[in-house]
Amino acid sequence: MAFLNVSVHDAEVAGVRMDSARELLQLELVLHSCEKVRVDFSSACQWSLSRFERQNVLLAIHEWKASNVATAARCRDLGLDEFWTRMVLTDRYTLYEVSASVGFGGWVLAQGAEVIRAAPETAFSPAPDVVDLLEGIRKRPGMYVRGDASQRVLQLRNLECVGAVLEARG
């Protein structure tokens with residue numbers, strides 16, 4: 001099911017964060033497509049969320065607003081008191097129901113929600129500084145490389161060859 005034009009069905013909840021100074025509750029999700037997104041609930045004032053388990057997978061995030069005739073009943077079903085139900089029904093807050101397939105779920109009362117997509121990761125990642133790596137191995141070869149002295153020399157030469165290739169690509 002799509003939430004703010006993003007399919008969150010089968011998304012893994014990777015983290016939950018609360019910034020009380022900014023009244024911002026954040027859910028970090030990994031979508032079925034492996035894309036990372038964050039759901040920011042702005043002006044989050046109340047929530048009831050279950051424990052974060054070993055496995056946390058979403059079924060959906062439902063948005064309950066005053067314009068929906070079923071909102072009052074859903075507020076009652078989720079256990080919101082009369083005051084917060086009135087806040088939802090007068091459009092001061094929106095009720096967001098976080099439905100879980102497995103693990104983490106519950107509801108959030110907030111004034112808004114936004115899905116923020118993570119910057120796409122590139123396939124190229126910079127090569128580690130091979131010179132520093134080799135220098136560290138040379139200083140303490142027994143710590144990083146196993147075997148007798150002749151085997152360590154052979155392994156160091158192989159690492160130097162790999163380092164030369166990586167530097168040539170870099």
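In this predicted model, the side chains of Gln26 and Asp40 are joined by a polar contact of 3.3 Å. Gln26 is found in strand β4, and with a relative accessible area of 7% this residue is buried, because buried means under 20%. Once neighbours within four places in sequence are left aside, the residues in contact with Gln26 are Gly15, Val16, Arg17, Arg38, Val39 and Asp40. Asp40 therefore appears twice in this description, as a partner in the polar contact and as a member of the contact list of Gln26.

A polar contact of another kind involves Thr85, a residue of helix α2. Here the side chain of Thr85 reaches the backbone oxygen of Asp81 at 2.9 Å. Thr85 is buried as well, with a relative accessible area of 12%. Not counting residues up to four places away in sequence, Thr85 touches Cys75 and Leu80.

It helps to step back and look at the chain as a whole. The protein chain has 5 helices and 10 strands. Of its 170 residues, 31% are buried. The accessible surface comes to about 10,900 Å², and carbon and sulfur atoms account for 52% of that area. Among the contacts with a separation of 6 or more, 56% are between residues 24 or more positions apart.

Where do nonpolar residues gather in this chain? In soluble globular proteins, nonpolar side chains tend to be buried together. The largest nonpolar core holds 21 residues, and Val8, Leu29, Val39 and Phe41 touch the most other members. Two or more residues of this core come from each of the elements β4 (24-30), β5 (36-42), β7, β8 and β9. A second, separate core has 10 residues, including Cys75, Val88, Tyr93 and Trp107.

Phe41, from the largest core, can be followed a little further. Not counting residues up to four places away in sequence, Phe41 touches Glu23, Leu24, Leu25, Leu27, Tyr96, Val108, Ala110, Gly112 and Ala113. Phe41 also forms one aromatic cluster with Phe3 and Tyr96.

Val88, from the second core, offers a view of the other group. This residue sits in helix α2 (residues 82-89) and is buried, with a relative accessible area of 0%. Leaving aside neighbours within four places in sequence, Val88 is in contact with Trp64, Ala66, Thr71, Cys75, Leu80, Tyr93, Leu95 and Leu109. One of these partners, Trp64, is 24 residues from Val88 in sequence, yet the two are 8.1 Å apart in space, C-alpha to C-alpha. Cys75 and Leu80 are named among the contacts of Val88, and both are also touched by Thr85.

Aromatic rings add another layer to the picture. A search of the whole structure finds 5 aromatic pairs. In one of them, the rings of Phe52 and Phe104 have centres 5.9 Å apart and planes at 65 degrees, so the pair is edge-to-face. Phe52 lies in the loop between β6 (46-49) and β7 (57-64), while Phe104 lies in the loop between β8 (94-102) and β9 (106-110), so this pair ties together parts that are 52 residues apart in sequence. The two partners are covered to unlike degrees: Phe52 is partly exposed, with a relative accessible area of 40%, whereas Phe104 counts as buried at 3%.

The rings of Trp84 and Tyr93 have centres 5.8 Å apart and planes at 80 degrees, so they too form an edge-to-face pair. Trp84 is buried, with a relative accessible area of 18%, and Tyr93 is buried at 15%. Tyr93 also belongs to the second core and is among the contacts of Val88.

How many disulfides does the structure hold? The count is 0. A disulfide is a covalent bond between the sulfur atoms of two cysteines. Two cysteines of this chain have contrasting settings: Cys34 is exposed, with a relative accessible area of 62%, whereas Cys75 is buried at 0%. Cys75 is also a member of the second core.

Conventions: Residues numbered from 1 in each chain as written. Predicted model: local features only at pLDDT ≥ 70, side-chain atom pairs only at ≥ 80, totals over all residues. Heavy atoms only, no water. Disulfide = S-S within 2.5 Å. Buried < 20%, exposed > 50% of the residue type's maximum accessible area, 1.4 Å probe, protein only. Helix = DSSP H or I, 4+ residues; strand = E, 2+ residues; numbered from the N terminus. Contact = heavy atoms within 4.5 Å. Areas by Shrake-Rupley, 256 points an atom, 1.4 Å probe, with all protein chains shown as cover. Phe/Tyr/Trp six-rings, centres within 6.5 Å; stacked < 30°, edge-to-face > 60°. Core = buried A, V, L, I, M, F, W, Y, C linked by side-chain atoms within 4.5 Å. Polar contact = N/O pair within 3.5 Å; in protein donor to acceptor, adjacent residues only side chain to side chain.
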